[in-house]
2 protein chains.
Amino acid sequence: MKVALLQINPIVGDLYGNAAKIKEFANKAKGADLIVTSELALLGYPPRDLLLYPDFIAAAWESLQILAKDTKSLPPILVGTATFNKIKNGRPLFNCAAFLKDGKIREIFLKSLLPTYDVFDEDRYFESGSGLRILKYKDKRIGVSICEDLWNDRDFWQRPRYHFDPIETLAREKVDFIINLSSSPFTIDKQKLRESMISISAKKYKIPIVYVNQVGGDDDLIFDGASLVFDNQGKLLARAKSFDEDVIVVDLNSKSTAINDYLDNKEELIFKALSVGLNDYLKKCGFEKALIGISGGIDSAIVATIASQSLGCKNVIGVLMPSPYTSAQSMTDAQRLAKNLGIKIVTLEIASLMKNYDKALDNAFKGFKKDITEENIQARIRGNLLMALSNKYEALVLSTGNKSELTVGYTTLYGDLTGGLAVIGDLSKTQVYKSAKWINREGELIPKSIIEKAPSAELRPNQKDQDSLPPYDVLDKILSLYIEKHEGPKQIVSKGFDKDLVKRVLSMVAGAEFKRRQSPPTLKVTSRAFGSGWRMPIAARTF
Amino acid sequence: MKVALLQINPIVGDLYGNAAKIKEFANKAKGADLIVTSELALLGYPPRDLLLYPDFIAAAWESLQILAKDTKSLPPILVGTATFNKIKNGRPLFNCAAFLKDGKIREIFLKSLLPTYDVFDEDRYFESGSGLRILKYKDKRIGVSICEDLWNDRDFWQRPRYHFDPIETLAREKVDFIINLSSSPFTIDKQKLRESMISISAKKYKIPIVYVNQVGGDDDLIFDGASLVFDNQGKLLARAKSFDEDVIVVDLNSKSTAINDYLDNKEELIFKALSVGLNDYLKKCGFEKALIGISGGIDSAIVATIASQSLGCKNVIGVLMPSPYTSAQSMTDAQRLAKNLGIKIVTLEIASLMKNYDKALDNAFKGFKKDITEENIQARIRGNLLMALSNKYEALVLSTGNKSELTVGYTTLYGDLTGGLAVIGDLSKTQVYKSAKWINREGELIPKSIIEKAPSAELRPNQKDQDSLPPYDVLDKILSLYIEKHEGPKQIVSKGFDKDLVKRVLSMVAGAEFKRRQSPPTLKVTSRAFGSGWRMPIAARTF
């Protein structure tokens with residue numbers, strides 16, 4: 001049997017647009033017996049609280065019916081969508097796959113395992129489905145599963161999250177192959193994990209597995225595509241493109257088909273993922289151009305590089321906003337970076353505005369000493385200027401903070417946190433340096449002195465990050481254990497870190513929660529990013 | 001049997017502080033046979049992602065053991081806490097009640113029904129518990145339930161969320177009475193709902209029900225306390241104080257005990273709830289003082305009134321930041337308001353800063369017309385000044401936007417949205433006017449002209465809200481249907497609203513999502529507020 005994997009980049013909520021895209025791609029699936037989309041492809045994943053609107057679910061059903069009619073002459077399609085739970089208790093919806101054939105919606109297969117951790121909230125909307133799991137078509141018994149249904153193998157996971165394994169059930173029912181409609185967000189090691197997990201299941205049950213993933217960026221989430229087919233020995237038979245839309249048609253009886261490469265250089269992978277996330281966020285929000293405050297430091301240099309390669313250099317505007325504390329070197333570096341990238345520059349001096357704020361606040365500040373207040377005012381002048389350009393030029397401001405800064409709060413709310421999207425907010429400072437080196441692998445894009453000089457916010461004379469923060473290599477290790485590994489102070493100290501340092505760092509993290517709560521959406525590349533997967537209290541004692 | 005209801009205001013995460021408070025209040029429960037706290041009282045509700053840290057759960061268990069020892073000489077206590085799920089699959093934790101007696105943790109009762117809707121995320125952390133539900137103590141069989149366990153009666157709810165009713169099970173087991181440890185956030189009609197629901201269950205099963213609620217503010221959530229005891233006829237036997245800590249000891253065989261009043265005036269109720277939410281947010285964040293930008297408009301007037309009554313007028317600073325577009329009337333009104341409230345005023349003129357921004361941007365804006373950009377610059381100058389005062393004075397900025405503005409985006413990100421807490425962000429403009437009238441019920445606090453003049457942002461000459469927005473009485477009805485009732489455009493239009501108007505309004509709502517994402521936490525008083533209960537996509541087509 002020949003299965004077509006439709007790997008599309010839907011727009012969340014754009015029911016008729018997504019249906020049109022499914023139809024368009026289905027038409028490209030030449031020679032297929034059966035066409036399969038990703039999870040919730042008709043709605044776009046994740047639809048979030050749009051799912052709470054019965055009007056939206058009803059419209060999804062309508063557009064599904066139209067899609068069925070419009071694809072009447074094509075091979076049948078399994079489409080990821082949502083439907084009402086008509087039983088009079090439980091959650092209101094099911095996450096499901098609809099089988100479209102000969103112009104009609106023929107059968108519905110329900111998702112059983114509902115991820116409700118990290119960025120996932122499926123228990124908020126969906127009832128766990130049971131019932132029909134096997135599609136009988138062309139003398140084949142095809143097991144239909146949806147995303148998380150595949151992620152509960154008790155031999156693979158140390159601690160399965162659920163008490164039931166739909167794949168095991170399908171295997172017991174001796175299906176000919178298993179289909180999985182998925183929308184699995186990208187993280188750095190996710191594809192390796194997926195491939196090893198799916199391969200082990202295919203081999204263990206001696207059943208081929210067809211895995212169709214979503215692709216593209218949706219707010220903070222990036223989907224990497226790279227849909228997969230494994231044969232009944234657990235051998236990789238096909239892999240679709242990563243980070244791009246694709247249609248592949250795979251004969252499950254063949255020995256080898258198209259196996260597209262997956263990026264195996266970590267820095268390249270991150271660069272590609274952030275490029276897609278950035279580009280889709282802008283496009284899906286209706287923007288063409290991006291604005292970036294270029295400080296002459298490494299963070300804005302990386303963001304400008306990603307933006308210029310992802311949007312095209314003519315769509316990126318670098319904004320230089322020197323103050324009296326900005327070094328000549330920073331200005332030279334910023335200008336050189338812009339030249340290397342081929343982006344336009346706008347320069348706005350802020351010295352006069354700083355003086356003007358001092359004057360405006362002179363009376364109110366009588367009797368107080370200079371402190372961090374004056375540094376924040378500078379950062380917020382820059383924020384205001386960036387947003388003014390954003391309004392006037394209709395360009396989205398990209399925020400340039402890295403994860404280390406966001407974590408310890410070494411950043412000004414409404415200042416450098418300003419922006420519609422935090423592009424590298426999930427990269428530690430250590431990772432930022434690695435990425436910079438990779439960007440320069442074939443020659444200088446980011447000026448060497450930007451990479452080599454000591455990091456500084458340049459908000460007062462001779463300021464260096466290391467005056468206020470522990471060395472980044474130590475800090476980033478502590479932060480990674482705390483943020484990504486969920487380790488508390490005792491566990492972290494037991495790994496050899498200084499107790500007082502850990503206490504100081506975690507107290508900085510807690511104290512910065514109010515800033516993160518008001519931060520822009522942050523593109524996620526690690527197992528735990530700030531945003532929808534980070535839900536910490538503010539008015540609390542944490543660690 | 002005499003049961004003591006411990007209605008405390010815990011601090012989220014402050015395990016040892018909360019344990020000390022439980023001990024202190026348990027000591028006040030004179031004559032009780034059994035003492036009961038609210039849900040997760042030891043951790044504070046909601047602990048959110050602190051629950052993902054095994055170090056935190058281990059520390060909770062340690063502090064529980066110490067609490068057991070420290071209260072050895074007291075009557076036994078049922079304490080709301082969390083514990084590890086030791087079975088090797090499923091979610092990692094249980095939400096539970098621990099029975100402390102004679103210095104030890106004797107038994108654990110698990111919560112079965114886990115709310116995962118609106119602001120609740122319990123499926124993210126907890127496994128649904130089964131097993132032991134009945135505490136045998138002093139010849140009584142006592143049914144132990146936790147919060148949501150009580151909220152699934154199939155006769156009460158049109159659509160029960162769960163397939164199992166723990167209360168029905170306990171009734172079948174013929175318990176003598178039922179205890180419910182709860183942390184049920186305040187909304188305007190919640191107490192009426194609770195009382196009618198609990199009364200109906202008590203009457204239906206002929207079993208007394210003891211309901212212990214948390215009190216106090218935690219980030220966006222406000223808990224109103226007002227813990228309850230109903231007898232086996234469904235008659236109210238006792239009600240603890242609302243919006244304040246309390247201990248009441250109730251003899252379940254008595255006919256009448258202390259029934260504290262619950263506020264039945266809607267405006268008074270809202271005022272009280274917001275006062276508590278505001279006060280607790282500041283205190284739990286370590287602030288004493290609040291800063292408010294006073295515009296001479298009604299929104300900042302209400303926020304200043306709530307703040308001055310909740311924190312004391314000496315802890316509130318009103319900041320007047322007139323521009324050339326600020327009317328003389330607004331300045332007079334603002335000063336008069338401050339005088340009425342007895343709060344301090346700081347006045348900062350912004351005309352010179354506005355000019356300076358114009359100058360700084362002169363080159364960059366060449367060839368562009370004046371538009372909303374210049375209005376936003378003004379709002380952000382004010383945001384910068386407020387934050388500067390906040391830094392210098394160590395006072396929290398209160399954001400003054402109302403729900404109508406936040407919904408349609410009639411607000412400037414990093415401008416008037418600036419602040420640590422949005423006090424009236426869940427009140428529609430219509431409700432704001434009602435609240436203002438109620439505040440003035442015994443005489444003028446808010447100057448009459450503030451209430452009577454047409455609302456204006458005063459960001460350009462002669463600007464009025466109604467130039468850009470539909471009349472608030474129509475707008476607020478549409479917004480309430482969309483936001484609080486989850487009705488989509490078809491449903492709203494079917495109620496008689498103009499189709500194009502509905503389309504225009506919902507498109508404004510969608511377009512403002514990026515602003516709400518970066519808004520301060522918003523005190524919740526309706527069934528659906530912006531914040532943890534509102535999870536909409538940004539880069540999407542919604543309605």
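**Exercise 1.** Is Asp139(A) buried or exposed?

*Solution.* The model is predicted: local features need pLDDT of at least 70, side-chain atom pairs count only at pLDDT 80 or more, and totals for chains, interfaces and linings use all residues. Residues are numbered from 1 along each chain as its sequence is written, while chains are lettered from A and ligands numbered from 1 in the order in which they are written.

Step 1 is the criterion. A residue is buried if 20 or more other C-beta atoms lie within 10 Å of its own, exposed if 12 or fewer, and partly exposed in between, with C-beta atoms placed from the backbone.

Step 2 is the count. Asp139(A) has 7 other C-beta atoms within 10 Å, so it is exposed.

Step 3 is the location. Asp139(A) sits in the loop between strand 6 (134–137) and strand 7 (140–146) of chain A. Helices (H or I, at least four residues) and strands (E, at least two) are DSSP runs, numbered from the N terminus.

**Exercise 2.** Describe the backbone of Asp139(A) and Tyr414(B), and the peptide bonds before Pro46(A) and Pro46(B).

*Solution.* Begin with the general rule. Most residues other than glycine have a negative phi, and most peptide bonds are trans.

Next, take phi. For Asp139(A), phi is near 65°, which is positive in a residue other than glycine. Tyr414(B), also not a glycine, has a positive phi of about 65°. Tyr414(B) belongs to the loop between helix 10 (403–408) and strand 19 (421–422) of chain B. With 25 other C-beta atoms within 10 Å, Tyr414(B) is buried.

Then take the peptide bonds. Tyr45(A) and Pro46(A) are joined by a cis peptide bond with omega about 0°. In chain B, the bond from Tyr45(B) to Pro46(B) is cis, with omega near -5°. Pro46(A) lies in the loop between strand 2 (34–36) and helix 2 of chain A; Pro46(B) lies in the loop between strand 2 (34–36) and helix 2 (54–70) of chain B.

**Exercise 3.** Which residues have the most contacts inside the largest nonpolar core?

*Solution.* First, the term: a nonpolar core is a set of buried Ala, Val, Leu, Ile, Met, Phe, Trp, Tyr and Cys residues joined through C-beta atoms within 7 Å.

Second, the result: the largest such core has 312 residues, and those with the most contacts inside it are Leu6(A), Val36(A), Leu6(B) and Val36(B).

Third, one example. Two residues are in contact if their C-beta atoms, placed from the backbone, lie within 7 Å. Not counting residues up to four places away in sequence, Leu6(A) touches Ile22(A), Phe25(A), Ala26(A), Ala29(A), Ile35(A), Val36(A), Thr37(A), Val212(A) and Val247(A).

**Exercise 4.** How many residues does each chain give to the contact between chains A and B, and how are the two copies related?

*Solution.* Count the residues: chain A gives 82 residues and chain B gives 82 residues. On the side of chain A that touches chain B, the largest share, 14 residues, comes from helix 9 of chain A. The residues of this side divide into 39 nonpolar, 21 polar and 22 charged. Here Ala, Val, Leu, Ile, Met, Phe, Trp, Tyr, Cys and Pro count as nonpolar, Asp, Glu, Lys and Arg as charged, and the others, Gly among them, as polar.

Superpose the copies by least squares on the C-alpha atoms of residues with pLDDT of at least 70 in both. Chain A is placed on chain B by a rotation of 180° with 0.0 Å of shift along its axis (RMSD 0.0 Å). The two copies are therefore related as by a two-fold rotation axis. In chain A, the C-alpha nearest the axis belongs to Gln518(A), 2.1 Å from it. The same surface serves both copies, since 100% of the contact residues of chain A recur in chain B.

**Exercise 5.** Which residues of helix 14 of chain A are buried, and against which helices do they pack?

*Solution.* Helix 14 of chain A (residues 472–483) has 12 residues and reaches 15 Å from its first C-alpha to its last, close to the 16 Å expected at 1.5 Å a residue. The expected span is 1.5 Å times one less than the number of residues.

The buried residues are Leu475(A), Asp476(A), Ile478(A), Leu479(A), Ser480(A), Tyr482(A) and Ile483(A). They pack against helix 10 (403–408), helix 11 (429–439), helix 15 and helix 16 (499–511) of chain A.
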